[in-house]
Amino acid sequence: MADDIAHFHSIPWVSNLLSDPTFVTHPTPSRIFKSSTEDALFSTTLNTSTTIPACLLQYRPEPNTAPTSSTVLPTSEIRLFFTLGPDLNGYPGVLHGGIVATLLDECMGLTLSLRLGGGLPGMEGPVTAYLNTRFVAPVGTPGTVVVSARIAETKGERKWKIQGDICDGEGRVLAEAECLYILPRGAGGAGGSRL
């Protein structure tokens, strides 16, 4: 994580956001290798010098709360900083649309995962019911973006609506998404696995 922090502090607009006292920097769970192959897409496949060489997570703590463990954080909003390499292109200099949706899904899923707490590999947790993505403008590569997500609505203990967006260094929204996560009946709940 130290290398990622140094990398992102070298980018002025990201360094400014990292200095925001309302957010806390935290290790990105999906960038940590797990022998079970959970999170292999982000910990291995997309963790190269030409795909996503750097990634950093921040969360906004809920007022007057403290983490209950290293995996359960009192938050309903996170942001992920990604530096994107050219091997993610769909067109020259433009991020592939499927990767745009993947970054949004990852950030929105991590928001809920951090809120509920991760579980043991193989345990069921909430799953994506839908992911509606709106592509606003091309995401340029190579470059750095911030992906933000927030829990917009909770319906009982089984459904969560989450909203997210991707912005560039000038604060322009490049893509937006809304996602619904549902906990299958009989699944592990808060003790279930990451999304």
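Colleague: Which side chain does the side chain of Thr144 make a polar contact with?
Modeller: Keep in mind that this is a predicted model. Thr144 lies in strand S7, residues 143-155. At 18% relative accessibility it counts as buried, because the cut-off for buried is under 20%. Its side chain makes a polar contact, at 2.9 Å, with the side chain of Thr83.

Colleague: And which residues does Thr144 touch, leaving out those up to four places away in sequence?
Modeller: Thr83 is on that list, and so is Phe82. Phe82 itself counts as buried, at 0% relative accessibility. The full set touched by Thr144 is Phe8, Ile11, Trp13, Val14, Phe82 and Thr83.

Colleague: How many aromatic pairs does a search of the whole structure find?
Modeller: Here's how such pairs get described: you give the distance of the centres and the angle of the planes. Searching the whole structure this way, the number of aromatic pairs is two.

Colleague: What is the distance, centre to centre, between Phe8 and Phe81?
Modeller: These two rings form a tilted pair, with 45° between the planes. Phe8 sits in helix H1 (residues 2-9) and Phe81 in strand S3, so the pair links parts of the chain 73 residues apart. Both Phe8 and Phe81 are buried. Centre to centre, the distance is 6.0 Å.

Colleague: What about Phe42 and Phe82, how many residues apart are they?
Modeller: Phe42 and Phe82 form a tilted pair too, 6.2 Å centre to centre with 45° between the planes. Phe42 is in helix H3 and Phe82 in strand S3. Phe42 counts as buried, at 4% relative accessibility. Along the chain, the two are 40 residues apart.

Colleague: Which residue lies over the face of Phe23?
Modeller: Look for a charge sitting over a ring here. The distance from the ring centre is 3.7 Å. The residue over the face of Phe23 is Arg79.

Colleague: Which parts of the chain does the salt bridge of Glu62 and Arg115 tie together?
Modeller: Side chains of opposite charge can pair when their charged atoms come close. Glu62 and Arg115 do this at 3.0 Å, N to O. Both are partly exposed, Glu62 at 26% and Arg115 at 35% relative accessibility. The pair ties together parts 53 residues apart in sequence: the loop between strand S2 (54-61) and strand S3 (75-84), and helix H4 (residues 97-116).

Colleague: Which residues are linked with Glu153 in a network of salt bridges?
Modeller: Glu153 is partly exposed, with a relative accessible area of 32%. Its side chain meets that of Lys161 in a salt bridge, at 4.0 Å from N to O. The network links Glu153 with Lys155 and Lys161.

Colleague: Is Asp39 buried or exposed?
Modeller: Most residues other than glycine have a negative phi. Asp39 has a positive phi of about 65° although it is not a glycine, and its place is the loop between S1 and H3. Thr37, in that loop between strand S1 (24-26) and helix H3 (40-45), has a positive phi of about 80° and is exposed at 57%. Asp39, at 13% relative accessibility, counts as buried.

Colleague: Which residues does a cis peptide bond join?
Modeller: Most peptide bonds are trans. The cis one here has an omega of about -10°. One of its partners is found in the loop between strand S6 (127-135) and S7. The bond joins Thr141 and Pro142.

Definitions and conventions. Residues are numbered from 1 along each chain as its sequence is written. This is a predicted model: local features need pLDDT of at least 70, side-chain atom pairs count only at pLDDT 80 or more; totals for chains, interfaces and linings use all residues. Side-chain values use heavy atoms; hydrogens and water are left out. Helices (H or I, at least four residues) and strands (E, at least two) are DSSP runs, numbered from the N terminus. Buried means under 20% relative accessible area, exposed over 50%, partly exposed in between (1.4 Å probe, protein chains only). A polar contact is a pair of N or O atoms within 3.5 Å; within protein, one must be able to donate a hydrogen and the other to accept it, and residues adjacent in sequence count only if both atoms are side-chain atoms. Contact means heavy atoms within 4.5 Å. Rings of Phe, Tyr and Trp (its six-membered ring) pair if their centres lie within 6.5 Å; planes under 30 degrees apart count as stacked, over 60 as edge-to-face and the rest as tilted. A charge sits over a ring if NZ of Lys or CZ of Arg is within 6 Å of the ring centre and within 35 degrees of the ring normal.
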